[in-house]
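Biologist: Hi! Could you pull up the model so we can go through it together?
Modeller: Sure, here it comes.

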Number of protein chains: 2
Amino acid sequence: MRHDSRLSGVLHVLLHMLEAGEPITSEHLAEMMSTNPVVVRRIMAGLRDAGFVHSEKGHGGGWTVTCDPAAVTLDDIYVALGSPPVFALGHRSENPACLVEQAVNASLESAFQEAEQLLLKRLGAVTLAALAADFHQRYLAKRGTKKDISHAV
Amino acid sequence: MRHDSRLSGVLHVLLHMLEAGEPITSEHLAEMMSTNPVVVRRIMAGLRDAGFVHSEKGHGGGWTVTCDPAAVTLDDIYVALGSPPVFALGHRSENPACLVEQAVNASLESAFQEAEQLLLKRLGAVTLAALAADFHQRYLAKRGTKKDISHAV
DNA sequence: GTCTCATGAAACAAATAATGTTACATGAGA
DNA sequence: TCTCATGTAACATTATTTGTTTCATGAGAC
């Protein structure tokens with residue numbers, strides 16, 4: 001299965017937007033994510049609807065963060081993306097008539113649900129601000145130049 | 001993403017094989033899983049290599065369980081399948097040069113790893129025998145006929 | 001011995017879902 | 001009014017799982 005990298009991608013550009021402090025165009029964000037501007041708009045649409053970011057048209061337009069990074073968690077972002085499926089593993093049929101398959105599904109499902117709850121709980125414990133702080137630590141540890149912040153492919 | 005239903009499917013037929021007590025052909029197993037005999041052989045190959053099942057050619061041939069159901073867990077089966085990817089969510093690039101993306105990946109990865117560990121731990125706590133027992137409970141609760149065991153599509 | 005049943009494996013086809021691309025409409029500013 | 005930038009729909013591409021065909025091989029029935 002090909003995996004869904006939207007959460008990873010959108011967090012990446014969100015942090016860049018926080019660092020930038022000025023509107024960034026879809027095209028620029030697309031470069032950072034090595035993808036297409038339309039893909040960026042598609043992904044960002046959910047965050048815009050959730051009020052986390054704002055988009056502006058015309059000259060000097062682009063995307064800006066409009067939420068408090070300390071108040072928004074990775075789980076919030078995940079939900080804004082539409083809460084995409086977490087697992088690559090699943091059942092063949094959701095409501096099987098076969099009692100054996102029912103037993104199998106019940107057992108698997110409880111395990112998957114527990115794991116998903118833990119995952120979302122962990123995502124809910126990390127704020128955008130915490131992620132940004134983690135980045136700054138890495139930045140200092142590397143003693144890089146200011147250029148490293150803007151972006152290295 | 002299209003999800004991988006091999007674990008669910010193989011557990012399903014394993015329980016049927018335990019109930020049957022005699023070799024079942026790939027074709028019969030395929031009917032139970034609503035799939036193709038070749039797909040069944042492909043999936044079962046891993047279990048055969050792991051020594052959990054045995055296959056016999058010719059008349060009266062087919063697949064039989066050769067392990068102790070009380071000693072094999074769902075995690076063992078998962079591993080025998082080749083430990084397929086658990087999550088549908090992932091990173092865009094595994095080793096990004098961008099420090100921001102590194103910070104994002106690190107945070108996400110620790111959350112995913114924890115969730116995966118919990119999942120596998122839960123799967124490791126359930127044996128095939130326990131699953132079979134669960135089935136028998138469901139069977140009794142339904143007061144069905146013996147026919148229900150063999151299979152209902 | 002030969003026929004049928006069954007697995008083993010390779011190669012190919014179909015289906016599906018994520019991602020990429022093109023095209024055009026709309027609105028904001030120079 | 002020209003350019004920049006987003007919004008959206010429609011379509012193309014790609015990756016991956018699943019399904020299918022085909023042929024070889026071995027085991028038992030006759």
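Modeller: Let me start with Arg138(B), which counts as partly exposed at 25% relative accessibility. Bear in mind that this is a predicted model.

Biologist: OK, which side chain does Arg138(B) meet in a salt bridge?
Modeller: That would be Asp134(B), with an N to O distance of 3.3 Å. Asp134(B) is partly exposed too, at a relative accessible area of 21%.

Biologist: And where do Asp134(B) and Arg138(B) lie?
Modeller: Both are in helix H6 of chain B, residues 128–142. They are four residues apart, about one turn of the helix.

Biologist: How many salt bridges does the structure hold over all chains?
Modeller: Eight. Between chain A and chain B the count is two.

Biologist: Let's look at those. What does Glu114(A) pair with?
Modeller: Glu114(A) forms a salt bridge with Arg122(B), and the closest N and O atoms are 2.8 Å apart. Glu114(A) sits in helix H5 of chain A and Arg122(B) in helix H5 of chain B (residues 99–124), so this pair joins two chains.

Biologist: Is Glu114(A) buried or exposed?
Modeller: Partly exposed, with a relative accessible area of 31%. Arg122(B) is also in the partly exposed class, at 22%.

Biologist: And what about Arg122(A), which side chain does that one meet?
Modeller: Arg122(A) meets Glu114(B) in a salt bridge, at 2.8 Å from N to O. This pair crosses between chains as well, from helix H5 of chain A to helix H5 of chain B. Arg122(A) is partly exposed at 21%, and Glu114(B) is partly exposed at 33%.

Biologist: Nice. How do the two chains relate overall?
Modeller: A turn of 180 degrees with a shift of 0.0 Å along the axis lays chain A on chain B, with an RMSD of 0.1 Å. That is the relation of a two-fold axis. The same surface serves both copies, as 100% of the contact residues of chain A recur in chain B.

Biologist: How much area do chain A and chain B bury between them?
Modeller: About 5200 Å², with 66% of it on carbon and sulfur atoms. Each side is listed with its own count: 55 residues from chain A and 55 residues from chain B.

Biologist: How many residue pairs are in polar contact across the interface?
Modeller: 13, taking pairs with both residues at pLDDT 80 or more. On the chain A side, helices H1 (6–20), H4 (74–80), H5 (99–124) and H6 (128–142) each supply at least two residues. H5(A) gives the largest share, 19 residues. By class, that side has 32 nonpolar, 14 polar and nine charged residues.

Biologist: Switching topic, what's the fold of chain A made of?
Modeller: Chain A has seven helices and two strands. From the N terminus on, they run α-α-α-β-β-α-α-α-α. Chain A has 153 residues, and 45% of them count as buried. Among its contacts between residues at least 6 apart in sequence, 61% join residues at least 24 apart.

Biologist: One last spot: Ser26(B). Buried or exposed?
Modeller: Ser26(B) is buried, at a relative accessible area of 8%, and is found in helix H2 (residues 26–33) of chain B. Its side chain makes a polar contact with the side chain of Arg41(B) at 3.3 Å.

Biologist: What else is Ser26(B) in contact with?
Modeller: Setting aside neighbours within four places in sequence, Ser26(B) contacts Pro37(B), Val40(B) and Trp63(B) as well as Arg41(B).

Methods:
Residues numbered from 1 in each chain as written. Chains lettered and ligands numbered in written order. Predicted model: local features only at pLDDT ≥ 70, side-chain atom pairs only at ≥ 80, totals over all residues. Heavy atoms only, no water. Buried < 20%, exposed > 50% of the residue type's maximum accessible area, 1.4 Å probe, protein only. Polar contact = N/O pair within 3.5 Å; in protein donor to acceptor, adjacent residues only side chain to side chain. Contact = heavy atoms within 4.5 Å. Least-squares fit on C-alpha atoms with pLDDT ≥ 70 in both. Buried area = accessible area lost by both parts, 1.4 Å probe. Salt bridge = Lys/Arg side-chain N within 4 Å of Asp/Glu carboxyl O. Nonpolar A, V, L, I, M, F, W, Y, C, P; charged D, E, K, R; others polar.
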